[in-house]
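Trainee: I should like to learn how to read the relation between chains and the pairing of charged side chains. May we work through an example together?

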Number of protein chains: 2
Amino acid sequence: MKFARQAQSLNASYLREILSAASQPEMISMAGGLPAASLLPLELVRVACASLADNSLFFQYGSSRGYQPLLETLEQHSPQSTQPWLICNGSQQGLDLIARALLETGDPIVAEVPAYLGALQAFQLTGASLLPLLSGAAGPDLDQLEHYFKTAAVKLFYAVPDFHNPTGRVWSAETRVAVAALCRHYGVTLIEDSPYRQLRFSGTELSPVSELYPEQTISLISFSKTGFPGLRVGAMSGPAEFIALAERIKQATDLHTGIPQQVIIHRLLNHQQYPDHLARLQQGYRNRYHHLSSELQQQLGQQIEFDPVEGGMFIWLSLNGKSGTEIAARALSHKLAVVPGAAFYAKGATAEDSHIRLNFSNTDTALVREAVARLARAIGAGC
Amino acid sequence: MKFARQAQSLNASYLREILSAASQPEMISMAGGLPAASLLPLELVRVACASLADNSLFFQYGSSRGYQPLLETLEQHSPQSTQPWLICNGSQQGLDLIARALLETGDPIVAEVPAYLGALQAFQLTGASLLPLLSGAAGPDLDQLEHYFKTAAVKLFYAVPDFHNPTGRVWSAETRVAVAALCRHYGVTLIEDSPYRQLRFSGTELSPVSELYPEQTISLISFSKTGFPGLRVGAMSGPAEFIALAERIKQATDLHTGIPQQVIIHRLLNHQQYPDHLARLQQGYRNRYHHLSSELQQQLGQQIEFDPVEGGMFIWLSLNGKSGTEIAARALSHKLAVVPGAAFYAKGATAEDSHIRLNFSNTDTALVREAVARLARAIGAGC
């Protein structure tokens with residue numbers, strides 16, 4: 001059997017593999033981007049689950065665009081926008097549909113690096129060519145971005161402006177304005193991926209970039225961080241002509257997203273206790289972040305460095321020049337799963353290997369001290 | 001926003017559009033391939049739905065390969081095979097993953113025509129080039145198939161050997177042996193799509209072609225015809241190297257199929273009353289088929305012709321030279337939705353327009369007489 005070239009170029013995701021290692025006995029995992037099991041809003045959907053079987057329409061074929069009441073909920077939650085929504089199998093499928101709607105072999109695209117590898121993989125499956133954009137505390141390097149826009153026919157710019165994965169960074173208000181202006185000037189489509197936006201636990205929320213550049217931004221939202229990753233439900237909105245094409249591609253891909261899973265998300269978003277759930281989640285992650293952060297400072301002191309975060313799920317830990325790949329491998333042997341920074345660079349790209357990504361949302365609070373002790377052993381052994 | 005060439009070539013599915021027309025008030029639909037609402041096995045999954053919220057693991061990220069207990073059930077149900085399974089969002093996603101794993105622009109593929117358009121769309125999104133294969137009552141034209149295999153570097157042969165959509169045909173045992181031999185001789189991958197295989201209500205079951213050519217057949221099964229289309233759960237099996245690649249593509253596409261929907265299918269397949277459900281479904285569809293078939297003969301007599309079917313969901317009705325497209329349009333104005341035969345040909349292909357496809361699984365039995373009367377008016381008006 002001869003395989004297609006692009007498909008063969010696809011590596012197994014390091015993240016998916018480490019998540020599988022993370023389920024070994026005795027292992028403590030700070031690897032995945034999983035919500036805290038104890039904070040999953042299961043009680044808010046118990047009744048919805050129990051009554052699913054009462055409605056046979058939920059079990060028949062449905063609309064490719066999505067379950068109508070869920071689409072209406074999304075419209076109500078974004079009153080400033082008139083752009084249509086499309087329900088996807090997680091925002092990951094949104095990325096895949098964007099790639100297939102917009103990209104052809106060789107098309108240049110820009111993405112902040114390090115980056116969420118799932119996005120890069122979806123884009124690279126089309127044969128697109130990645131231009132890596134460096135970024136700092138306030139967001140991407142605007143000079144480099146403009147240079148790319150000037151010198152290449154850039155098809156899209158993929159960005160995670162709120163609580164970037166893996167760095168946890170948030171673009172400043174000025175960066176948002178500047179990026180919108182650059183995209184508009186050069187006619188580049190902006191992909192604003194916002195899975196973590198609602199996980200802000202301190203600081204002030206900033207407007208999404210889509211509001212500054214509505215005519216050519218495609219926005220992705222996820223219900224995997226505030227709701228349930230296991231259902232695989234996400235959504236995207238964008239210009240009507242794009243959403244119509246993405247819907248036709250989705251038809252050829254899987255007809256539509258399953259209805260019962262959309263019904264559960266719809267009931268969750270409309271549950272009167274949903275705002276309380278979000279507040280509890282933010283409070284819980286604030287505590288978990290502070291807990292991990294103080295353990296890191298106490299146990300590792302000068303050996304590590306990290307910028308504070310105001311939300312999201314991750315600390316981007318600098319190892320002061322040590323190799324993240326080696327520390328992560330040693331940590332695994334000490335029964336601690338973490339992801340080396342180099343795993344967030346596209347295949348073949350120059351990877352910066354002096355970080356590891358630590359998740360603080362999923363790790364049992366009682367295990368954090370021991371987790372950091374294992375990390376300290378992994379780092380210490382390399383001295 | 002500039003769209004990718006292949007994506008733009010994708011038409012909205014006529015079938016999806018007529019299904020939307022079919023939901024208008026007063027409309028009787030014989031258009032879709034929906035299971036009978038009254039025969040959906042909702043009672044067999046009521047407890048499974050009600051207990052979903054008890055298990056937080058069902059709502060966290062899961063395995064790209066699929067929910068392990070469901071994979072084990074599939075292995076137990078196919079004891080003759082050692083090939084691995086991959087769970088997909090309906091078998092439609094299996095088709096898409098096959099296309100992306102195997103096909104590149106310009107690759108020749110063979111499919112029986114008329115054909116399930118969703119399959120052709122998934123293949124054509126990769127830019128593959130379709131070689132249309134004619135078929136008769138016993139299966140495809142073997143001379144034409146060998147001619148294609150001899151003269152083109154055919155990448156795959158897409159086939160629905162059991163209760164083909166739209167024709168309802170079943171390949172004879174001889175055809176199965178001959179196709180397996182031809183594929184083996186020319187090294188062509190066979191895609192055996194079997195959504196209707198378990199809907200046999202008369203005659204004798206024949207072995208799947210995959211058993212005659214296990215080394216290079218990819219088998220697709222669906223839970224949308226025997227279970228619930230609304231959940232979007234299907235599965236495929238094939239050579240281990242192919243399934244491993246398809247799993248990596250699936251990771252980049254949507255990470256994994258949602259777990260609660262897989263749990264529901266797992267409980268359905270393992271419910272002690274599942275065999276009774278299948279028997280009831282087959283009996284129900286036998287009755288519905290005979291009912292429609294005798295109404296057609298009584299009300300339309302010499303104006304139509306059709307081969308009897310032994311299962312599936314469809315009658316492929318010959319209009320004795322009249323245009324299926326015109327009759328279907330006139331039927332719509334008489335509040336009857338049917339699909340014209342021409343809708344089952346790829347865009348740009350020479351379509352044979354003297355048939356319509358009638359679904360008998362979903363139409364309320366009490367409405368069948370009136371449905372056929374409307375069809376008779378649509379046909380009569382064209383005399």
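**Charged pairs and chain symmetry**

Mentor: Let us begin with one residue of this predicted model. B:Glu370 has a relative accessible area of 32%, and it is therefore partly exposed, since that class lies between under 20% for buried and over 50% for exposed.

Trainee: With which side chain does B:Glu370 meet in a salt bridge?

Mentor: Side chains of opposite charge can pair when their charged atoms come close. Here the partner of B:Glu370 is B:Arg377, with 3.6 Å from N to O. B:Arg377 is partly exposed as well, at a relative accessible area of 42%.

Trainee: Where do A:Glu370 and A:Arg374 lie with respect to each other in helix H13 of chain A?

Mentor: These two residues are four apart within helix H13, which covers residues 368–380, so about one helical turn separates them. Their side chains form a salt bridge, at 2.8 Å from N to O.

Trainee: Is A:Arg374 buried or exposed?

Mentor: A:Arg374 is buried, its relative accessible area being 13%. A:Glu370, by contrast, is partly exposed at 32%.

Trainee: Which parts of chain B does the pair of B:Glu310 and B:Arg200 tie together?

Mentor: First consider the bridge itself: the closest N and O atoms of B:Glu310 and B:Arg200 are 2.8 Å apart. B:Glu310 belongs to the loop between helix H11 (274–300) and strand S11 (314–318), while B:Arg200 belongs to the loop between strand S8 (189–193) and strand S9 (217–222); the pair therefore ties together parts that are 110 residues apart in sequence. As for accessibility, B:Glu310 is partly exposed at 35%, and B:Arg200 is buried at 11%.

Trainee: How many salt bridges are there over all chains?

Mentor: The count comes to 32. One network of salt bridges links residues of both chains, namely A:Asp96, A:Arg100, B:Asp96 and B:Arg100.

Trainee: What rotation superposes chain A on chain B?

Mentor: A rotation of 180 degrees does so, with 0.0 Å of shift along its axis and an RMSD of 0.0 Å. Such a relation is that of a two-fold axis. Within chain A, the C-alpha nearest this axis belongs to A:Ala50, at 1.9 Å from it.

Trainee: Why can one say that the copies meet through the same surface?

Mentor: One compares the interface residues of the two copies. Of those in chain A, 100% are also interface residues in chain B, so the copies meet through the same surface.

Note on methods: Residues numbered from 1 in each chain as written. Chains lettered and ligands numbered in written order. Predicted model: local features only at pLDDT ≥ 70, side-chain atom pairs only at ≥ 80, totals over all residues. Heavy atoms only, no water. Least-squares fit on C-alpha atoms with pLDDT ≥ 70 in both. Contact = heavy atoms within 4.5 Å. Salt bridge = Lys/Arg side-chain N within 4 Å of Asp/Glu carboxyl O. Buried < 20%, exposed > 50% of the residue type's maximum accessible area, 1.4 Å probe, protein only.
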